[in-house]
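Subject: Structure for your review

Dear colleague,

Please find below the structure that I am handing over to you. My findings follow directly after it.

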Amino acid sequence: MWLKPDEILLKNAFKLWVTEKDNEYFVLQRRRGYGEGGGGLTGLLVGTLDTVLDSTSKVAPYRILHHTPDSQVYWSIACGVTKEEIFQHWDWLQQNIMRTLSVFDSSEDITSFVQGKIRGLIAEEGKSSLVLEEDPEKFREALLRFEKWFELPSEEKLVTYYSCSYWKGKVPCQGWLYLSTNFLCFYSYLLGSEVKLVISWDEIWRLEKTANVILTESVHVLAHGEDHYFSMLLHLNETFVIMEQLADYSIKRLFDKEAFQREPALSDPLQITKRGLEAHAKSEQFRTFFRLPKEENLLEVHESFLWVPFSHFNTLGKICLSENYLCFASQDGSQCHIIIPMREVVNVEKPDSSSRALTVCVRGKRALRFSEVRDYQRLANTIRSRCGISPSPQHSASTEAIRGECQSLINHFEDNPEDVTLMVGQKDSSKAVSTEALMTVFHPQDVENLDPKMLKEKMKEQSWNIHFSEYGRGTSMFFTRKTRDLIVRGVPEALRGELWMLFSGAVNDMATHPGYYSELVEQSLGTSTLATDEIERDLHRSLPEHPAFQSDTGISALRRVLTAYAYRNPKIGYCQAMNILTSVLLLYAKEEEAFWLLVAVCERMLPDYFNRRIIGALVDQAVFEDLIRENLPQLVEHMTDLSFFSSVSLSWFLTLFISVLPIESAVNVVDCFFYDGIKAILQLGLAVLDYNMEALITCHDDAEAVTILNKFFDSVTNKDSPLPPTVQQAPVGNNDKTSHCNVDISELIREAYEKYGNIRTEEVESSRRRNKLHVIQTLEDTTKQNVIRVVSQEVRFGSPQLDELYNLFKRQHFLSCYWTMKSPALLHHDPSLAYLEQYQLGFQQFSVLFSLLEPWAFCTTKSTLSLWIFRLIDENQDGLVNFKEFCYALDTLYCGSFTNKLKFLFKLHLPPAFTGSPLHLKEQRIQHFIPLTEDSSHLTRLAAFDLPEDGVIRKSPERGRGKVDLQAYLKQWQNEILKKEETIKDLPRINQTQFIQFSKTLYNIFHGDPEEECLYRAVAHVTSLLLRMEEVGRRLQEPSSPPESTKPANSAASSVEESPTEDASTSPEGSNTSRNSQDGGPDLTEMEWSFSFEQVLASLLNEPAIVCFFDRPVDVHTKLAQAKVAQLKLKANK
């Protein structure tokens, strides 16, 4: 490898390097301790020094130096792993450089020329991926060491590397930590002791920063039940963040099957870089903070001051710019931020170049002045270009006209709300969609009502109107501490829907997707899936006590919103608790607004909550447990097992307390949630436990604790609620409230903010990332135990062996996903499948894994036999094999009796395993099952089956949007239950073509065995005997047939008997040619003959050598251990 010319002093290296070749301008050297005469104490010391100092010499012990006769300075220009590699570089220098150097007069010119040539070579051979790295030269050297030490597949992308200490027991090993797309690797070499560690990100259970007496600060990694500690990191926080990002990327890509189509930096696992990960993390944090759509990415950040008109001072903060939004967040503790959609910007002015300021004018006659912007000129041009504003003076002159026109439009739509549908482009068909919030329909406010509650409601509205006049209203409103204070006090009924839309960011989704909801309603109308069936079942369970959902108006609106969302996002579809949440949204928001609020909750604010495994809710429960330990130590001392609070609080998180609190109180919680996110729910949960601390400490069991909490929730009221008693929710628990005085929800929320408001959103997100690994791995472990329990009933493997088999099977599934986004497992992942089929293998992955576990040396990755085995065990013919089917084949070949093993081999040569005539066998195999590239394997393989229009095989009703035939599923289930054991009499007869191939299969199995010749003779004897028996049978049945009919059978027998002499390991491809020649007989009808399985079995039982071969026990434990070691190396050597 050519190196960037680096100056070295040769006199300090005499004891470490040995000169192999030299001339006037170049020296080729070998590192002492390597190659001939290497080893000993010198080798140990040099190897240790190279590892500790991160020297390239550790993996590249050869180098070439450049020097001139009149200089003492040497320049390193190349290094090599092997002597052959370094000699190639040396020969190139001799042929292309040496002749040219003689024309230069000065040594400075010679050195400059050589350096220029070397840099040119590096530029030509440099990999395109290295362009994005911070230091391409050092990264090239680190990549060389990474590839040499860990022998991972060449596709594996190194992201970054750090010097650190790894604690092996109580002894630190100084070495280097390498972080790649799929693996965490560590290498150390100290005085002959080599430490090499490779952990895949998908195997990590815990990843956290820790500190103790010995290790002041370290990174703790838990994988395979073992603890690993890395310390002495120069940039520990940076290292930990990158590790977190890579682990999260692996989890999302491998477990959640996310494709990152909207994020180019992460869409290709072969091009992941440290810079791309950092940009992704910043964009994610940016979207979360400002509640922006997933399509937005952080493009630019500028420090500046923003003039805050309501406070009359400049606040310091940062301008964050994305594709469609201009955002500002203060950094001086004022907690002020603002979001400006580009669609609202009408002009950008630069009034004062001396203060480096610019003014952004937005609709509604409002302007924002940013000052002290370092690159204000470029920022102004960027905003103009994204808003489509011309920078010409004529445009600036017409600004007032544009503002006036926009304001007149706004005034028109405020006076004529029915025209809004024309503005947003809704279709006429949307008339069926409700355009009013259900609360305004079923509980219109009485303007003349002057009771105390209504007066207080009017005062709240007045407070908010004053806030709007000072801080703005709508999408470009200032968010400040005062906004939160008003939220804590309670939002007025009339403004609740508007503020929910604003705080959640749903207002932007709705504005940028005009007519989208109406189209979804039309498309989903009349569809019938399991999701729609579940929706229908739960419609009347959604706030049944509220008048709005006792009528068809509310039920129909709820049905349309839930069905439209299930159609939009089939990955989530419909989950319980969505109906309760959507019911409350419909009370205060219009139907389309409720839909976009549901989108914001399910896809941004509560990620991974609403799916089969409710991972998001489980993660937040783990976060809640951490907060309990930190903030309520007295409760922790009494209840050491906090899992009780996890089970109790699940409904709190899934329904935002709606299912446990009266509706008039629960909406106040929802107000806080839309403003502060999950942090508000965590704070309130802590406040609830704190309020009931004394009672919980004195309880003796979980049931008593549940009763205490239920009574507390029943006692929570909203004294300011203007809703009539017919609308307010009755307590669901015990009506005896003597043990609890009424608790006002506003006071409870205020107390939660006062006591636990210091919880930072960044800490919550960090805790989420830390706990997500443990939650997912726990679920994966539960899935594995369920699968093993089901499979163990049908195979003879023990639980430990099934555990190892499952790990190998799962790893093989992931190996098909590590280095591509177009793996069949990713493209056609179906999260609705049962746990038994969550991990499946296509033919190529099956063939590789089977080759590692085969009991005999006959199933190579390109063998047609592996294809036949794959077809045989693929019971539903979908081109994928699950773990149960895989274990069935291995169990038969490992633990089956002689009869069962022979029956398995016999069935391999019958349909559907062995298909058609041999003439088309190779063509069929190539077209359908062994494509040239992995990316197209699934699509070509599926061509062999009848597919639906979209090309996706559906094995569960959830994925289809058409009518589900439940009767067919019940019938299939009944057939599986009543399935009886197959007997040898049920097997069809094997014909001539199949029998010839069966005989050759036996020859291939026996190849390489110590008793090979004896086994060959036994097979020849059996085939000859069977053919003679068949001929006798023919003569008895057809006494008048001419004697010439014996010739085809005899010729067939001779062809089988001669096959071992031709080539004992005849491949299926080669055997096709020989079989094709046999098909050229004079009359095919005369060659028709067949055998039953009983005949074949009886004949083979008479051959002791064959019986002993198949009865020979297989060392399963050794096979599994060898496969575990070879699995990744096999992929690397391909």
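Helix α7, residues 274-290, lies across strands β14, β15 and β16. Relative to β15, helix α7 runs at about 80°. Please bear in mind that the model is a predicted one. A further helix, α8 (residues 376-387), lies across β13 (300-308), β14, β15, β17 and β18 (358-362). Its direction makes an angle of about 160° with β17.

The strands just named belong to an open sheet of seven strands, ordered β16-β15-β14-β13-β19-β18-β17, with antiparallel pairing. At its edges are β16 (337-341) and β17 (345-349), each of which pairs on one side only. On average, neighbouring strands of this sheet are turned by 30° against each other, direction ignored. Within the sheet, β14 (residues 313-321) and β15 (residues 325-330) run antiparallel and are joined by five bridges. In this pairing Leu 321 stands opposite Leu 326 of β15.

There is also an open sheet built from β6 to β12. Its seven strands follow the order β9-β8-β7-β6-β12-β11-β10, and the pairing is antiparallel. The edge positions are taken by β9 (193-200) and β10 (204-210), each pairing on one side only. From one strand to the next, the twist averages 30°. Strand β6 (residues 158-168) is joined to the antiparallel strand β7 (residues 171-180) by ten bridges. Trp 167 stands opposite Pro 172 in β7.

Aromatic contacts also deserve a mention, as the structure holds 63 aromatic pairs. One of these pairs is formed by Tyr 161 and Trp 176: the ring centres are 6.1 Å apart and the planes stand at 50°, so the pair counts as tilted. Because Tyr 161 lies in strand β6 and Trp 176 in strand β7, this pair ties together parts that are 15 residues apart in sequence.

I turn next to two helix pairs. Two packed helices are described by the angle between their axes and the distance between the axes.

For helix α20 (residues 578-588) and helix α21 (residues 591-605), the axes come within 9 Å and cross at roughly 135°. The two helices are therefore oblique to each other, and their crossing is right-handed. On the α20 side, the residues involved are Met 578, Leu 581, Thr 582, Leu 585 and Leu 586. They meet Glu 591, Ala 594, Leu 597, Leu 598, Val 601 and Cys 602 of α21. By class, the contact of α20 with α21 comprises nine nonpolar residues, one polar and one charged.

The other pair consists of helix α22 (residues 615-631) and helix α24 (residues 643-655), which pack at an angle of about 125° with their axes 9 Å apart. This angle makes α22 oblique to α24. Helix α22 passes α24 in a right-handed crossing. From α22, the contact is made by Ala 617, Asp 620, Gln 621, Phe 624, Glu 625 and Ile 628. The residues of α24 in this contact include Phe 645, Leu 650, Trp 652, Phe 653 and Leu 654, and among them are also the serines Ser 643, Ser 646, Ser 647 and Ser 649. The contact of α22 with α24 has eight nonpolar, five polar and two charged residues.

Yours sincerely

Key: Residues are numbered from 1 along each chain as its sequence is written. This is a predicted model: local features need pLDDT of at least 70, side-chain atom pairs count only at pLDDT 80 or more; totals for chains, interfaces and linings use all residues. Side-chain values use heavy atoms; hydrogens and water are left out. Two strands pair if DSSP finds at least two bridges between them. Helices (H or I, at least four residues) and strands (E, at least two) are DSSP runs, numbered from the N terminus. Axes are lines fitted to C-alpha atoms, for helices over the stretch in contact, and angles run from 0 to 180 degrees between N-to-C directions. Angles under 35 degrees count as roughly parallel, over 145 as roughly antiparallel, 65 to 115 as roughly perpendicular and the rest as oblique. A crossing is left-handed if the near helix is turned anticlockwise from the far one by less than a right angle, and right-handed if clockwise. Contact means heavy atoms within 4.5 Å. Ala, Val, Leu, Ile, Met, Phe, Trp, Tyr, Cys and Pro count as nonpolar, Asp, Glu, Lys and Arg as charged, and the others, Gly among them, as polar. Rings of Phe, Tyr and Trp (its six-membered ring) pair if their centres lie within 6.5 Å; planes under 30 degrees apart count as stacked, over 60 as edge-to-face and the rest as tilted.
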